[in-house]
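Visitor: Could you walk me through this model and tell me how each label is earned? I would like to see the value and the rule side by side.

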Amino acid sequence: MSLLQPQLPDRLKSMSDEDVHALIAASKAKLGDRCVILGHHYQRDEVIRHADHTGDSLKLARIARELERTPYIVFCGVHFMAETADILTSPAQEVSLPDLQAGCDMADMAETWDVEAAWDEAMAALATKERDAGKENRIVPVTYINSKASLKAFVGNHGGTICTSGNARAVIEWALARGEHLFFFPDQHLGRNICKAMGFDPETDMILWDPKKPLGGHTTEKIRAARIWLWQGHCPVHALFTLHQIKKIRAESPETRIIVHPECAMEVVDAADLSGSTEQIIRAIESSPEGSRWAVGTEKHLVERLAASHPDKVITSLNPYTCLCGTMNRISARHLAWVLDDLVQGRPMRNRITVDEKTAAASRVALDRMFTLN
Ligand code: SF4
């Protein structure tokens, strides 16, 4: 989701980079512990240098939940992350997203009204069999945290939960132990990669649900036969990593280890040496011996930061061209400076992200289930 972002004021546009960083530092000093800046690993260097905490979605969600005494949280990430922070904090706390156009293309691929329509179709497809077996409501919905608050609320209201790339396996194991079928939103690749690693066959155990087609493009029989239904969504950034790139690196530099994010396609994850969340990628590289060579399949800012902070290792992007998340990249130091300066001046928090209480309450049910699982 991206909202209308007001233009930066001229005074900030014309300020030198140095002055912008000085303004942020001065604002942070004045605000003290009243304000915390959270920065996702895919943020620009000019932003992440000011973050009080950095992390992936799971780590930042956990931190937001613990910031009980912090009235202002500035979330340098994308819209669903700021929504999640608002859901996990009290009504007295305020969350800002410094550029309202920082959405997530993957989250936008699962509109809640499409999910609700698909759910009704899926329940109807199962109805006879499930009733006969006395197993109504045995579809367990799980959404990747990269989704809108309304979808988080949907899974909360239907006995499901939320996962991140760091805990997806534990969450999916929980869901499949509870239900006959898993309905996984919105990232088909994360769902497929994790379920395959658990031993499920992508051809016979999984179907891809196309929301534009009746019954997701399948027959009732096929829906009933598949344990795992994957929503047809994906991350356009991680789609830029290919098997061809892996084969090229294997041929040119066999000693290079390849690590990719599970949002990459199955053939890419299968051919890589390792796959994991951004935190897991960081840990694998940090713990590797001096002189290690890595090709990394995730967003460019993280790969470049890893390379800069580990000069004893050779760290490159798996894709030699730019794999940048354009929406993450929207947030600049100037946007951050604007939000902080407004707070210092006593103005209302700029770009506040709020989730209505009904949606937030149902989303919290789903998030709390996730937190109890790991
Ligand atoms: S990298 Fe992909 S999943 Fe992550 S915020 Fe960007 S579009 Fe969304």
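**Labels and the rules behind them**

Guide: Happily! The domain assignment gives domain 1 (10–103 + 327–355), domain 2 (108–235) and domain 3 (238–317); such bounds come from an automatic or database domain assignment. This is a predicted model, in which local features need pLDDT of at least 70 and side-chain atom pairs count only at pLDDT 80 or more, while totals for chains, interfaces and linings use all residues. Residues are numbered from 1 along each chain as its sequence is written, and side-chain values use heavy atoms, with hydrogens and water left out.

Visitor: How do you know what domain 1 and domain 2 bury between them?

Guide: Buried area is the accessible area (1.4 Å probe) that two parts lose on being put together, summed over both. For domain 1 and domain 2 that comes to about 630 Å², with 70% of it on carbon and sulfur atoms. Their C-alpha centres lie 33 Å apart. Eight residues from domain 1 and eight residues from domain 2 make the contact, where contact means heavy atoms within 4.5 Å.

Visitor: And how many salt bridges are there between domain 1 and domain 2?

Guide: The count there is zero. A salt bridge is a side-chain nitrogen of Lys or Arg within 4 Å of a carboxyl oxygen of Asp or Glu. A search of the whole structure finds 21 of them.

Visitor: What makes Asp 45 and Arg 305 a salt bridge?

Guide: Their side chains meet at 2.8 Å, N to O, so the pair falls within the 4 Å limit. Asp 45 sits in helix α3 (residues 45–48) and Arg 305 in helix α14 (residues 300–309), 260 residues apart, and the pair links distant parts of the chain. Helices here are DSSP runs (H or I, at least four residues), as are strands (E, at least two), numbered from the N terminus.

Visitor: Why is Asp 45 called partly exposed?

Guide: Buried means under 20% relative accessible area, exposed means over 50%, and partly exposed is in between (1.4 Å probe, protein chains only). Asp 45 has a relative accessible area of 45%, so it belongs in the middle class.

Visitor: Then is Lys 148 buried or exposed, and what is its salt bridge partner?

Guide: Lys 148 counts as buried, because its relative accessibility is 11%. Its partner is Glu 111, with the closest N and O atoms 2.9 Å apart. Lys 148 lies in the loop between β5 (139–144) and α7, and Glu 111 in the loop between β4 and α6 (112–132), 37 residues apart.

Visitor: What makes Arg 347 and Asp 342 a salt bridge, and which class does each belong to?

Guide: The side chains of Arg 347 and Asp 342 come to 2.7 Å, N to O, so the salt bridge rule is met. Arg 347 is partly exposed at 41%, whereas Asp 342 is buried at 2%. Elsewhere, salt bridges that share partners join Asp 108, Glu 111 and Lys 148 into one network.

Visitor: Why is helix α5 described as largely enclosed?

Guide: Ten of the ten residues of α5 (residues 79–88) are buried, so the helix is largely enclosed by the rest of the structure. Those buried residues pack against β1, α4 (57–66), β3 (72–76), β4, α7 (149–157) and α16. In α4, the buried residues are Ser 57, Leu 58, Leu 60, Ala 61, Ile 63 and Ala 64, and what covers them includes β1, β2, β3, α5 and α16.

Visitor: How do you know which strands stand at the edges of the four-stranded sheet?

Guide: Two strands pair if DSSP finds at least two bridges between them. The open sheet has the order β2-β1-β3-β4, with parallel pairing. β2 (53–55) and β4 (94–96) each have a single partner strand, so one side of each is left without a neighbour in the sheet.

Visitor: What makes β1 and β2 a pair?

Guide: Three bridges join β1 (residues 35–40) to β2, so the two-bridge rule is met. The two strands run parallel, and His 40 stands opposite Gly 55 in β2.

Visitor: Which strands pair with β12?

Guide: Strand β10 (residues 257–260) is joined to β12 by four bridges, in parallel. Strand β13 (residues 314–317) also pairs with β12 in the parallel sense, over four bridges. Four of the five residues of β12 (residues 293–297) are buried, and the strand is mostly covered.
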